[in-house]
Amino acid sequence: MTHISNIPANFKASGVSITGLRKSYGSNEVLKGIDLEVKPGEVVCLIGPSGSGKSTLLRCVNLLEKPNEGKIHVGGFETTDPDVDLDKMRQNVGMVFQQFNLFPHLTVTQNCTVAQTKVLKRPAAQAKEVAQKNLDRVGLGAFGDRYPDELSGGQQQRVAIARALSMDPTLMLFDEPTSALDPETVGEVLAIMRSLAKAGMTMLVVTHEMSFAKEVADRVIFMDGGVVVEEGIAQDVIGNPQQPRTKDFLKRVL
Ligand code: ADP
Ligand code: MG
């Protein structure tokens, strides 16, 4: 694996607090009253079968989806307040997807600077410096002039993490960040996430990597059918699940 620089423990971390969250698509209620709290600096892994509402939940946190009911607080923002400054709120929230969603026509560095200059209005030179710092953090400091299709999947995902970090988020959301990767590059992405967690970043991570969850998560939440079925410290939920649905799910993924 490439060398991964130390990520300094100087993040300004914010928490997330979700109460009574409901979300429907037409008549299909996907989230049926979710209460969930992530404290500043805490790492929470969200697990559960496909279709249980995990992605929808993450997308509600930064209002990529609009909840039907409930309240969500991120840092000092109530995202569901109609008067919330959406741009300001979203700047706090870094999101990393299964499909890296890099801009294919931009270099690695440009991928990490475009939102800084467009959204944060940072001068180009400063944006470049911040991008370089974050590419160094994910071990890709020498790859700035490459294009995404010249990188492995794992490297592209590390760029996506550097891009998110370049906006100085106080919270990071990960939606199955390693599910689309070749097995040999999964480890390098998990290593970056591990060092972010160690550095005190608040992280809400949807993952099927149970060993990662067990090792890195402060808490694990098992969702099924749009509700939280079971939650607790990772060792308990994964190592000694209480609910039949959790047991059944873990039997299939472990
Ligand atoms: P998970 O991430 O746990 O696999 P999702 O949150 O993606 O689950 O999906 C939960 C349910 O919501 C699924 O039944 C899915 O078909 C439905 N769903 C998700 N997004 C949309 C959408 N944009 N429009 C309609 N239905 C959706
Ligand atoms: Mg999903």
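1. Let's start with the largest pocket of this predicted model. Its lining is made up of 20 residues, and those nearest the centre are Arg-90, Val-93, Met-95, Ala-115 and Met-167. If you have the structure open, these five residues are a good place to begin looking. The volume of the largest pocket comes to about 590 Å³.

2. Which elements supply the lining of the largest pocket? At least two residues each come from α2 (86-91), β6 (93-96), α3 (108-118) and α5 (153-165). Sorted by class, the lining has 12 nonpolar residues, five polar ones and three charged ones.

3. Next, please turn to ligand 1. The residues that surround ligand 1 are Tyr-25, Asn-28 and Val-30, then the run Pro-49, Ser-50, Gly-51, Ser-52, Gly-53, Lys-54, Ser-55 and Thr-56. By class, this shell holds seven polar residues, three nonpolar and one charged.

4. Two elements, β2 (28-38) and α1 (54-61), each give at least two residues to the shell around ligand 1. Which of the elements gives the most? That is α1, with three residues.

5. Some side chains of the shell make polar approaches to ligand 1 that are worth a look. Thr-56 has a polar side-chain atom 2.5 Å from an oxygen atom of ligand 1, and Lys-54 has one 2.8 Å from an oxygen atom of the ligand. For Tyr-25, an N or O atom of the side chain is 3.5 Å from a nitrogen atom of ligand 1. On its own, ligand 1 has 560 Å² of accessible area, and the protein covers 58% of this.

6. Tyr-25 and Asn-28, both among the residues around ligand 1, also lead us to the strands. Tyr-25 stands opposite Asn-28, which belongs to β2. Strand β1 (residues 16-25) and β2 run antiparallel and are joined by eight bridges. The hairpin formed by β1 and β2 has two residues between its strands, and here Gly-26 adopts a positive phi near 60 degrees.

7. How many bridges join β1 to strand β4 (residues 69-74)? There are five, and this pair also runs antiparallel. You can trace the pairing through individual residues: Arg-22 has Glu-69 of β4 as its bridge partner, while Ser-17 stands opposite His-73 in β4.

8. Finally, here is how these strands fit together. They belong to an open sheet of four strands, arranged in the order β2-β1-β4-β5 with antiparallel pairing. Its edge strands are β2 and β5 (77-78), each of which pairs on one side only. The edge strand β2 is thus worth viewing twice, as it also supplies at least two residues of the shell around ligand 1.

Terms used:
Residues numbered from 1 in each chain as written. Chains lettered and ligands numbered in written order. Predicted model: local features only at pLDDT ≥ 70, side-chain atom pairs only at ≥ 80, totals over all residues. Heavy atoms only, no water. Near = heavy atom within 4 Å. Polar contact = N/O pair within 3.5 Å; in protein donor to acceptor, adjacent residues only side chain to side chain. Areas by Shrake-Rupley, 256 points an atom, 1.4 Å probe, with all protein chains shown as cover. Nonpolar A, V, L, I, M, F, W, Y, C, P; charged D, E, K, R; others polar. 1 Å grid on protein atoms, 1.4 Å probe; cavity = no way out; pocket = protein on both sides within 12 Å on 5 of 7 lines; lining within 4 Å. Points joined across faces, edges and corners; volume = space filled by probe spheres on them. Pairing = 2+ DSSP bridges.
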